[in-house]
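Colleague: I am new to this structure. Please take one part of the sheet and walk me through it closely, from the strand pairing to the core packed around it.

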Amino acid sequence: MWFSSVELCPSVSSACDEGIIFCFYMLSMSRYWCFKVEQIYVIGEEGILIELELADFSYLRGPEDGGKKIELKPRYLMEHDKDVLVGDVVVGFDRYFNYYKVQYGTLCVRENPGCLFLATNRDAVTHLTNAQEWAGGGSMVGALVGSTQREPLTVGKPSTFMMDYLENKFGITKSQICMVGDRLDTDILFGQNGGCKTLLVLSGVTSLSMLQNPNNSIQPDFYTNKISDFLSLKTATV
């Protein structure tokens, strides 16, 4: 999808050219898929499918498996890969996660030679509403970690895959980048792992008390209440 810097933040001037903003996981995964696998089994939602299509990868299922059920009975054997060979299982946030998906993905990872197990992120919680925290993508990933006894290749934050890509693609050094985010264990750690400056915003997951907790070992270079504070800073320096 194409965006310009002006479209993304029209109140802040920038000398950046137009560019493509990728979904994080597809940007990262595309660097490691140097060959076309036959099929990718997706545990996730439409966003993953759209990015896979844009990258010209073939996939199975995704949301359509959300309504499937398993009726356990004597001698029941769940079939998988009847017509095609799954070479990758990709797990992301999925509101329609169920036992069918867990079993199908588990069979692929455990029984298909060389099958990769990839996770888009391992966030413990996410903010789907402003009333409470909800189980994040890490809960779906954790189910398959338990059943396969394998750790996935996590291509989302805090892995540095995307940072490495940006450095190589656009010829910029990581020290020129400031990572802005609201999570200490993903956003800020991602920036630190990538050798960037970091800015924590307190308008999301992390509160000031969490940041200043003596047990918190992840400290950003800077923090502010909300991203719009940049606008007042710009006004003050004009």
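Modeller: Start with strands β5 and β6. This is a predicted model. Strand β5 covers residues 86-91, and strand β6 covers residues 116-119. The two pair in the parallel sense, over four bridges. Look at V89: its bridge partner in β6 is F117.

Now follow the chain between these strands. Helix α4 spans residues 99-111. Together, β5, α4 and β6 form a right-handed β-α-β unit.

Strand β6 has another partner as well. Two bridges join β6 to strand β9, residues 153-154. These strands also run parallel. Here L118 is paired with L153 of β9.

Next, the packing. The largest nonpolar core holds 21 residues. Among those with the most contacts inside it are V89 and F117, the bridge partners just named. Y41, V86, V91, Y104 and L144 belong to that group too. Five elements are worth finding on the model: β3 (39-43), β5, α4, β6 and α5 (137-148) each give two or more residues to this core. The largest share comes from α4, with six residues.

Take Y41 as a way in. Leaving out residues up to four places away in sequence, Y41 touches V86, D88, V89 and V90, among others. Its contacts also include Y100, K101, Y104 and G105. L60, R61 and D65 are further contacts of Y41.

There is also a second, separate core, of ten residues. V42, L49, V90 and V155 are among them. So why can neighbours in one strand end up in separate cores? In a regular strand, side chains alternate between the two faces of the sheet. V89 sits in the largest core, and V90 in the second.

Methods:
Residues numbered from 1 in each chain as written. Predicted model: local features only at pLDDT ≥ 70, side-chain atom pairs only at ≥ 80, totals over all residues. Heavy atoms only, no water. Pairing = 2+ DSSP bridges. Right-handed = clockwise from strand over helix to strand, strands pointing away. Core = buried A, V, L, I, M, F, W, Y, C linked by side-chain atoms within 4.5 Å. Buried < 20%, exposed > 50% of the residue type's maximum accessible area, 1.4 Å probe, protein only. Contact = heavy atoms within 4.5 Å.
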